[in-house]
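Here is a briefing on the interface, the sheets and the salt bridges of a predicted model. Please keep the structure open while reading.

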There are 2 protein chains.
Amino acid sequence: MKLLTVGTVAFDAIETPFGKTDKILGGAATYIGLASSVLGVEAFLVSVVGGDFPKDYLEMLKSKNINVEGVERIDEGKTFFWSGKYHLDLNTRDTLATELNVLENFNPKVPESGEDAEVLMLGNLHPSVQLSVLNQLKNRPKLVILDTMNFWMDHTWDLLMEVISKTDVITINDEEARQLSGEYSLLKAATKIQEMGPKYVIIKKGEHGALLFHKERIFAIPALILEDVFDPTGAGDTFAGGFAGYLAKKGKFDFETMKVALIVGSALASFTVEKFGTEHLQEVTYDMLKQRMNQFKTLTSFEVEI
Amino acid sequence: MKLLTVGTVAFDAIETPFGKTDKILGGAATYIGLASSVLGVEAFLVSVVGGDFPKDYLEMLKSKNINVEGVERIDEGKTFFWSGKYHLDLNTRDTLATELNVLENFNPKVPESGEDAEVLMLGNLHPSVQLSVLNQLKNRPKLVILDTMNFWMDHTWDLLMEVISKTDVITINDEEARQLSGEYSLLKAATKIQEMGPKYVIIKKGEHGALLFHKERIFAIPALILEDVFDPTGAGDTFAGGFAGYLAKKGKFDFETMKVALIVGSALASFTVEKFGTEHLQEVTYDMLKQRMNQFKTLTSFEVEI
C-alpha cells in the first residue's frame with residue numbers, strides 16, 4: 001500500500017555526553033522515510049526546506065527510494081533548525097535553539113502521486129498542518145497514524161483533539177498519555193484516549209519499551225538492551241516510520257500485525273540511537289533488521305510452566 | 001529443595017494516595033514466606049519480633065505452611081516498625097518513621113531444621129546479618145540469592161561487597177545497579193556486577209518490568225498492566241519470594257528456569273500491589289497465579305514475521 005507522510009525535514013545540531021555535531025540532517029519526515037525504506041516501502045514525503053538545504057541530502061533520500069516530490073523548496077527561506085543538548089541520562093534534554101524558518105508558514109501540498117495513499121503517517125508537527133494534509137486526500141486513507149507531543153497539548157488543544165478524532169492509531173509517550181487523558185494508570189489512560197478516536201493507542205517508553213492497546217487487548221515489549229545509547233534524537237520518528245512502513249507493506253491492520261509493526265519500529269529505533277542523527281539508520285539493511293527482530297524474540301520468549 | 005530465608009518481620013504503617021493503614025503486618029521475610037507458600041514451598045524464616053507481635057500473625061503464617069521456628073521473639077523488645085507515605089506517582093515515597101527496635105541487635109539463629117537448606121534467600125537487611133546466616137549453614141547452599149538496596153551501598157559498602165561475592169543471584173533496581181557498578185548502561189552494569197560474584201543479575205524496574213542477565217544472555221519482561229497500583233509496599237520482597245520459591249520447587253537453576261522464576265515473581269508482586277500490605281498476597285491461590293502467568297504470555301508473545 002502507498003505510504004504518505006507529513007513531517008519536518010530539518011537541520012539538527014546535537015550535543016550528547018559522547019560528543020556533538022554541527023548542523024546535520026534531521027526531521028521527522030526524514031527518519032520516517034528512511035525507516036520505511038529499510039522495509040522496501042516507498043514513502044511519499046510532504047515537507048518544506050529552505051534554499052540552504054543541500055541537494056546532496058535530497059539525492060541521498062531519493063537513492064533510498066524515498067519520494068520527495070512533496071518536499072517544497074523555498075529558495076529565499078531557511079530550513080527548520082533545532083539544537084539540543086542531552087543530559088547524562090539521555091532521557092532529558094535542553095533545547096538550545098528552535099528556528100522555525102520555512103516551517104513558520106508551512107502550507108503543505110500533497111503531490112498528485114501521493115493523493116491516493118492508503119496509509120497516512122502524520123509526523124509530529126502543528127495539528128493544523130496535519131489536518132491540512134488529511135483534508136487534501138481524495139479518499140480517507142485506510143489507516144491514519146498520528147505522532148504528536150506535549151507541546152501541542154499545551155498550545156493547540158482544540159486543533160489537536162480534532163486531529164486525534166480523525167486518526168486510527170496514536171503514538172505518544174507515557175507522560176503525554178497521562179497528560180492527554182488526565183489518568184495516571186496507563187491502562188485507564190489508553191482506554192480514555194480510545195474514546196477520543198484512535199482505536200489503537202501506542203505508548204512509547206523509551207528505554208523501557210512500548211505498549212499497544214486496543215479494546216481489551218494489550219501487548220508490551222521491552223526495548224532492546226544496548227551496550228550504549230549514543231544519541232536518542234529521531235528514535236520516536238524512526239519508530240513511527242518503521243511501524244507505518246511495516247503496516248503499509250503488509251496491507252493489514254489487525255492486532256497481530258500491529259504487534260509485529262511495533263517490534264519493527266522498536267528494532268529500527270534501536271539502530272538510530274547507536275550513532276548521531278540519521279547516520280546509522282542510513283546504513284541499515286533488511287537483513288540487519290531481521291537479525292535485530294530475532295534478538296527481540298530471544299530477549300522476550302519463554303514457556304509458561306509452573 | 002529446602003528454602004531458607006532471612007529478613008524482617010515487621011509492622012508497617014502505609015499511606016498512599018488511595019488511603020492509609022494503621023500498623024499492619026509487613027517485613028521482607030513475611031512477603032517472601034507468603035509468596036513461596038503460594039507455590040506450595042515451605043519457607044523457613046529467620047527473623048526477630050518483639051513482645052508486641054500478635055500471636056495471630058504467627059498463626060496465620062504457620063497456617064500457610066511457613067516455618068517460623070527461626071523467628072525469635074524478644075518479649076521485652078518491640079517489633080521493627082516502618083512507616084512511609086507514597087507520592088502520587090507511587091514510584092517515590094517519604095519514610096516517616098523507622099524504629100529498628102529488636103532489629104538493632106538482631107543476632108540471627110538458623111534453626112536446626114533449616115541448616116541443610118539448599119536455597120538461601122537473603123532478604124534485604126544489614127549485610128552482617130546476611131553473612132551471619134550464610135556462615136551458620138552446614139554446607140554452602142546450592143543457590144544463594146541476595147536482595148539488597150542503596151542504603152547498604154551508602155553505609156556498609158565493604159560488608160555488602162563480601163556478601164555479594166558469595167552469592168549466585170542478586171536482585172536490585174536499576175538505580176542501584178548503576179550505583180553499584182558505576183555504569184549507566186544496564187548492560188555494562190550487569191556485566192560488572194557479575195564480575196563481583198553473582199552469576200545472575202536481576203534488575204527490577206517496577207512498573208517497567210525486570211531484566212535477567214547471565215553471561216551473554218539477557219531476558220526482559222514488562223510488568224503486567226494493572227488498572228491501578230494501590231500500594232507498592234512489599235512488591236520487591238514478593239518478587240524475591242516468588243523467584244526463590246519457584247527455583248526451590250523446581251530444584252533447577254539454569255537460565256530457562258530462572259526466566260520462568262522471574263515471571264512467577266512478577267506475577268505474585270502484581271497481586272501484592274493491588275491491596276494494602278500482605279492483604280492480597282494472603283488470598284492468592286495457585287490457580288490465580290497460573291492465570292496471571294498466562295496473562296504474561298498473552299501480553300508479550302508474538303511471531304516474528306517481516
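A salt bridge here is a side-chain nitrogen of Lys or Arg within 4 Å of a carboxyl oxygen of Asp or Glu. By this rule the count is 40 over all chains. This is a predicted model: local features need pLDDT of at least 70, side-chain atom pairs count only at pLDDT 80 or more, and totals for chains, interfaces and linings use all residues. Residues are numbered from 1 along each chain as its sequence is written, chains are lettered from A and ligands numbered from 1 in the order in which they are written, and side-chain values use heavy atoms, with hydrogens and water left out.

**Interface of chain B and chain A**

- On contact (heavy atoms within 4.5 Å), 43 residues of chain B meet 43 residues of chain A.
- The buried area is about 3,900 Å², and carbon and sulfur atoms give 59% of this. Buried area means the accessible area (1.4 Å probe) that two parts lose on being put together, summed over both.
- I225(B), F302(B) and I306(B) lose the most area to chain A in chain B, together 21% of what that side buries.
- Between the two chains there are 4 salt bridges. K188(A) pairs with D228(B) in a salt bridge, with 2.7 Å between the closest N and O atoms.
- The rule finds 16 residue pairs in polar contact across this interface, both residues being at pLDDT 80 or more. A polar contact is a pair of N or O atoms within 3.5 Å; within protein, one must be able to donate a hydrogen and the other to accept it, and residues adjacent in sequence count only if both atoms are side-chain atoms.
- Several elements of chain B each supply at least two residues to the side that touches chain A, among them α6 (174-181), α8 (235-250) and α11 (286-300). Helices (H or I, at least four residues) and strands (E, at least two) are DSSP runs, numbered from the N terminus.
- α11(B) gives the most to that side, with 10 residues.

**Sheet of chain A**

- 9 strands form an open sheet with mixed pairing, in the order β6-β5-β1-β9-β10-β11-β12-β13-β14 (chain A). Two strands pair if DSSP finds at least two bridges between them.
- β6 (67-74) and β14 (217-221) of chain A are at the edges with a single partner strand each, so one side of each has no neighbour in the sheet.
- Neighbouring strands of this sheet are turned by 15 degrees against each other on average, direction ignored. Axes are lines fitted to C-alpha atoms, for helices over the stretch in contact, and angles run from 0 to 180 degrees between N-to-C directions.
- Strands β10 (143-147) and β11 (169-173) of chain A run parallel, joined by 3 bridges. Within this pair, I145(A) stands opposite V169(A) in β11(A).

**Sheet of chain B**

- Chain B has an open sheet of 9 strands with mixed pairing.
- β13(B) and β14(B) run antiparallel, with 5 bridges between them. L211(B) stands opposite A220(B) in β14(B).
- α6(B) packs on the sheet, touching β11 and β12 of chain B, and its direction makes about 115 degrees with that of β11(B).
- α8(B) lies across strands including β1 and β9 of chain B, and runs at about 175 degrees to β10(B).

**A salt bridge in chain A**

- E115(A) and K138(A) meet through their side chains in a salt bridge (3.8 Å, N to O).
- E115(A) lies in the loop between β8 and β9 of chain A and K138(A) in the loop between α3 and β10 of chain A, so the pair ties together parts 23 residues apart in sequence.
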